[in-house]
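User: Could you take me through the part of this model where the two chains meet, and then the elements around it? I would like a connected account that I can follow with the structure open.

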Amino acid sequence: MSLKCEHIVKTYSGRDVLQDVSVEFQPGKIYGLIGRNGAGKTTLLSILTAQNPASAGTVTLDGEKVWENRSALEKLCFSREISGSAESGISAMKVKEYLRIASTYYEHWDKALEKKLVDLFQLDVKKKIGKQSKGMLSMVTIILALCAKAPYTLLDEPVAGLDVVAREQFYKLLLDEYTATGRTFVISTHIIEEAAPLLEEIVILHEGKVLVEGNTQEFLDTMAYVSGRDADVDAATAGLEVHHTETVGRSKGVTVFLRPGQRINESYDVTVQPVSLQQAFVALCGEGEKHEA
Amino acid sequence: MRRNLKFWTRYTWENAEIMLSLTALLGVLMLLGRTRPAWDVFAARVPYLLLMSGCFTLYLVNTSSHTLYIPLLIGMGETRRNILYGFLYYRLLAILTTLAACGLIWALIPGEISRQGLRHLPILLVAMLLLSALGSIAGTLTVRWKWVGLVALMIPSGIFGGVIGYTAVGDGTHLEKVLQVVTRLLTGTVWPLVLVTIVALAADGLLQHRVAMTQEAKI
């Protein structure tokens, strides 16, 4: 019982956006899908929900292929960013109309929740999509994701453009929904620090490949921030995989990745601290070194 | 499939509102002409106005369906195959309802115009199928090349605008002349028209399938 993709490749104009990606999403968990811009997050989410054909590879839900399979697609919802630009045909559509079409197609659409969320977000549903702000459009995608009641719900940048109050509202609503229904959520976000407490599992995409897949806490336990005088830090982390270095004068701080059985030699005069998900992500996918005089 | 049919049925009625508005506009222009036709003659001509508006609406809506509604429905989790079936259902429903309305009006109003109209129903069906296929082909091409869509929209809009202008500046008989020319063209080229329609429908089917199966549901 899972949503699974195997050996997914997606090529756009000769460029591999996804390269042999295999990931499995278990039911009843909240996943975080993180990666830098252009890492392939939206492409992966759209392929998982059959909204974009893969160049190679397969996607299955509970063992059944998802592509052109109505019974599998009914269990999936991909709430992606809506473009409100004038060029987009949807800009002339009213939010009310968009939600009506969604309620027609999603079998378990929750009309009462839709009304509650529209009131909570103070959304003017009679206004055209093109006239809504970026934050308001994010609210529409959140309403779609929560009201569709799909067992597997994938959200692409759900909090983009939302102010801090609305973001907090969203995290609370998501958690309430998760607690009440046990639905699986996959959330792609750049606001890692805020979303981190929700993310039980993590998938990090980097340059079209899966860099990390697993339990968030277990992943964070494999990383540490070591700081002190540069010679001590070098000695304490000798033989370890160093991902990010910061130097200020003769002081040094490094983020290290610990493979099974490896440990930091704390007999040297160094401070070892746990890292946050954002720090770990920057260490793995960032530029590597940072020096300050 | 039930939800899919529900959407496309509603879509048909929503577009029928546009078609009826255009028909009303043409009808008013015809009545405002210098030589106002007798009511029974006017009523017998209404189906032609309905057909003109129907063809124009069908063409335009087919173009926008491919760029907006089909990706939107893919995004809502419907299969591409079902969406294409739904789209075909909408087109047939729109064409058959329009023709049924025309047939009914002609059957109720006696006279030469009605007799001719009823006789021409099969060829009018072919003409509507052809226009519907051409609009859909323009739509599928627009998914890949936006400028094709722009050109495809400009041509029928220009023609329809010309018809409205011609009707507005002249008396009611001008529109009748247009209709006579069109009818003569249609009845004089039945078999070539049928052949072209079959080719257009086949090309439309192939293109739709090709585009739908490779399209990303971006809105």
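Analyst: Happy to help; here is a walk from the contact between the chains into the helices of one chain and then the sheets of the other.

A word on conventions before we start. Residues are numbered from 1 along each chain as its sequence is written, while chains are lettered from A and ligands numbered from 1 in the order in which they are written. This is a predicted model, in which local features need pLDDT of at least 70, side-chain atom pairs count only at pLDDT 80 or more, and totals for chains, interfaces and linings use all residues.

How confident is the predictor? The complex is given an ipTM of 0.88 and a pTM of 0.89. Chain B has an average pLDDT (the predictor's confidence in each residue, from 0 to 100) of 87, and 94% of its residues score at least 70. Within chain B, confidence is highest in H3(B), at 96, and lowest in helix H7 (residues 172-188), at a mean of 74. Helices (H or I, at least four residues) and strands (E, at least two) are DSSP runs, numbered from the N terminus.

Now to the contact itself. Chain A brings 20 residues and chain B brings 22, where two residues are in contact if their C-beta atoms, placed from the backbone, lie within 7 Å. On the side of chain B that touches chain A, at least two residues come from each of H1, helix H2 (39-75), H3 and helix H8 (190-214). H2(B) gives the most, with seven residues. By class, that side of chain B has nine nonpolar, seven polar and six charged residues; Ala, Val, Leu, Ile, Met, Phe, Trp, Tyr, Cys and Pro count as nonpolar, Asp, Glu, Lys and Arg as charged, and the others, Gly among them, as polar.

One helix pair spans the two chains. Helix H3 (residues 95-105) of chain A and helix H1 (residues 2-31) of chain B have axes that come within 8 Å and cross at roughly 150 degrees. Axes here are lines fitted to C-alpha atoms, for helices over the stretch in contact, and angles run from 0 to 180 degrees between N-to-C directions. The crossing angle therefore makes H3(A) roughly antiparallel to H1(B); angles under 35 degrees count as roughly parallel, over 145 as roughly antiparallel, 65 to 115 as roughly perpendicular and the rest as oblique. Ile101(A), Thr104(A) and Tyr105(A) of H3(A) make this contact with Arg3(B), Lys6(B) and Phe7(B) of H1(B). Those residues comprise three nonpolar, one polar and two charged.

Follow H1(B) into its own chain. The axes of H1(B) and helix H3 (residues 80-108) of chain B come within 9 Å and cross at roughly 35 degrees, and the crossing is right-handed. (A crossing is left-handed if the near helix is turned anticlockwise from the far one by less than a right angle, and right-handed if clockwise.) Phe7(B) appears here too, among the H1(B) residues that meet H3(B), which also include Trp8(B) and Tyr11(B). On the H3(B) side, the residues include Phe87(B), Tyr90(B) and Leu93(B). This contact has nine nonpolar, five polar and no charged residues.

H3(B) also packs with H8(B), at an angle of about 140 degrees and with the axes 10 Å apart. That angle makes H3(B) oblique to H8(B), and this crossing is right-handed as well. Arg80(B), Ile83(B) and Leu84(B) of H3(B) contact Gln208(B), His209(B), Ala212(B) and Met213(B) of H8(B). Here the division is four nonpolar, two polar and one charged.

Finally, the sheets of chain A. Six strands form an open sheet in the order S6-S7-S8-S3-S9-S10, with mixed pairing; two strands pair if DSSP finds at least two bridges between them. Its edge strands are S6 (76-79) and S10 (209-215), each pairing on one side only. Inside it, S3 (residues 30-35) and S9 (residues 201-206) of chain A pair in the parallel sense over five bridges, with Gly32(A) opposite Ile202(A). A four-stranded open sheet has the order S2-S1-S4-S5 in chain A, with antiparallel pairing. Helix H1 (residues 41-48) of chain A lies across S1, S2 and strand S4 (56-61) of chain A, at about 125 degrees to S1(A).
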